[in-house]
Amino acid sequence: MSAKIETPSGHAIPPAPRHSITVHLPKWSSVLRFVERDPTLMATFKSMYPRMMIHRDIKMLTQKICEFVGAEGQACLLFPSPKSALECVSFATSASHGDDAMSTDEISISTFVIKNHICAVFFPAPKAMFMQAFWSNAGVGISSRFAEDNLKHVELLRKLSPNDPLPMVQESSAQSILRKRIAGLLERAPAGPPRQAKVAEGDVYLFQSGMAAIYRVHQYLLNEHNASTVLFGFAFHSTLHVFEDFGPGYKLLGLGTPEELDQLEAHLKEKAIEGKQVQAVWAEYPSNPLLITPDLGRLRKLADEYHFVLIIDDTIGSFCNVDVLGAADIVVTSLTKTFSGYADVLAASAVLNPSSKIYPRLKSMFQKFYSNDFYNGDAEALEQNSRDYLSRSTILNKNALRLVEYFQAQAADPESSVVRVYYPTIGWSAPNYKERMRPATEEFTPGYGCLFCVEFDTVEAIAAFYDNLNVHLGPHLGAHLTLAIPYVKILYGKELDWAAKYDLRETQIRISTGLEDTELLLEDFKVAVRAA
């Protein structure tokens, strides 16, 4: 067995640097308190995923700016660009929010400069919880490193007038290195027939979080088309909120099954008869949290027939393991996860497929709308973290597969409380994943990723499993240490009936393997299963 986890509740996983993005949440009783957003529990957190709970450095910079302008009774959110600030105001004043919506005289933007320019959106303090939704789901706020670096020079803080030009931001060389590295990885050991063109550095666009990439690409498409969207298969919960909150609506086909592909085709035909068009179909490859892999071949055929943009989020499969460029027009990846690997930086990429038939149109769209808000300090951290991406991925793949094999044996045992295991190797969608796996090379043999999900027979069983599992317990995936979270209970604890329509149950626990010794990790899980 591994050494007993000593990380205190509410703290980040070791080595817990300043910009950690995790939190350890031991004990099922704490999970229940988290579902209720117990303020006493939340106040104990020293770390948290920074889109979900604003980082302490950002809070401190916000406080300094509010004090500077004497904004009594006001709160504010900080953004790296005027565009994001304006979008925040638009969100807050939208009539779609009913009684929560603010009037335009309740909310304002001011621009400041310290080391960098900072766009602050001020609003009444009681509206902070409502405004948190934009911060969390759009993901376009400043980063904790941005805040830390500016706090070091806070004595230089000054407010800009509307006529003052914004300071020019010089891009770090780390950003170019990252774009080249990502382009190279996307073209490493391609699956399927040769493509017409290879991804170049200029086809890779960087963003400050995974949700920022999704939100921004969605906004670009809305600016061009303002048409409805389809999400095929389930996805991370903030993705659903982006499609709900921005644009004329979306259709969720949350199981990702062949039957839902038929429903998608019928939906597209119906739209075409009405003279309307779906602007994009999005899909995770595979889906979060149940690891269902969509049929990209059929999605590609539908995209060609009905002229929508096919956007694939390959974060969970990870582009070292799978190659989706044979189907996708755009590939979106949360670099926060396996690519970074050390749980201390948020980042993402959106990559245009130069072999796509609509590449010229997409390239023109990105050139028109894209502005780089990815902070240089984050780029430098990500560049260092991602140097060992392939070697880490080998271990993550191996550990996950070994644990999945163990849990599958448990699920086959009628005496076990384990009911089912979810992983890309299992079930009807397994051939879809294998179809897009990269061929093995001397430097790397692809696998099935670090993430899997286990379902127990009762809430009591998962609670006992959770309370006896000697790994870190909390959100995130692709980190250097193993993480487990009752994903459905945490995110949909008050919407369990709705979640059940998509096979999501409170008895499921999502597990992301880390770099620990495989056999020690296996022993830790055996102890927890015996308790369950």
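1. Two strands count as paired here if DSSP finds at least two bridges between them. In this predicted model, strand β9 (residues 309-313) and strand β10 (residues 330-334) meet that condition, pairing in the parallel sense over 3 bridges. Within this pair, Ile 311 has Ile 330 of β10 as its bridge partner.

2. The pair belongs to an open sheet of 7 strands, whose order is β5-β11-β10-β9-β8-β6-β7 and whose pairing is mixed. Because β5 (204-207) and β7 (250-253) stand at the edges with a single partner strand each, one side of each of these strands is left without a neighbour in the sheet. On average, and with direction ignored, neighbouring strands of this sheet are turned by 20° against each other.

3. A helix can be placed against the part of the sheet that ends in β7. Helix α9 (residues 237-245) lies across β6 (229-232), β7 and β8 (280-284), and it runs at about 150° to β7.

4. Ile 330, already named as a bridge partner of Ile 311, is also a member of the largest nonpolar core, which holds 175 residues. Together with Met 131, Leu 264 and Phe 407, Ile 330 is one of the residues that touch the most other members of that core. Among the elements, helix α8 (residues 210-224) gives the most to this core, contributing 9 residues. A second core, separate from the largest, is made of 7 residues, including Ile 21, Tyr 49, Ala 343 and Leu 346.

5. Which residues is Ile 330 in contact with, leaving aside its neighbours within four places in sequence? The contacts of Ile 330 include Val 309, Leu 310, Ile 311 and Ile 312, and they also include Val 217, Ala 350, Val 351, Leu 352, Leu 362 and Phe 366.

6. Turning to enclosed space, the model has 4 cavities of 30 Å³ or more. The largest cavity contains about 180 Å³ of space, and 19 residues line it, with Pro 50, Ile 142, Ser 143, Ser 144 and Leu 346 being the closest to its centre. Leu 346 is thus named twice in this note, since it lines the largest cavity and is also included in the second core.

7. Among the open pockets, the second largest has a volume of about 530 Å³. Its lining is formed by 25 residues, and those nearest the centre of this pocket are Arg 300, Leu 325, Gly 326, Ala 327 and Ser 355. Helix α11 (residues 296-306) gives the most to the lining of the second largest pocket, with 3 residues.

Methods. Residues are numbered from 1 along each chain as its sequence is written. This is a predicted model: local features need pLDDT of at least 70, side-chain atom pairs count only at pLDDT 80 or more; totals for chains, interfaces and linings use all residues. Side-chain values use heavy atoms; hydrogens and water are left out. Helices (H or I, at least four residues) and strands (E, at least two) are DSSP runs, numbered from the N terminus. Axes are lines fitted to C-alpha atoms, for helices over the stretch in contact, and angles run from 0 to 180 degrees between N-to-C directions. Contact means heavy atoms within 4.5 Å. A nonpolar core is a set of buried Ala, Val, Leu, Ile, Met, Phe, Trp, Tyr and Cys residues joined through side-chain atoms within 4.5 Å. Buried means under 20% relative accessible area, exposed over 50%, partly exposed in between (1.4 Å probe, protein chains only). On a 1 Å grid over the protein atoms alone, a cavity is a set of points where a 1.4 Å probe fits but cannot get out, and a pocket is an open set with protein on both sides within 12 Å along at least five of seven lines; lining residues have an atom within 4 Å of a point. Grid points are joined across faces, edges and corners, and a volume is the space filled by probe spheres set on the points.
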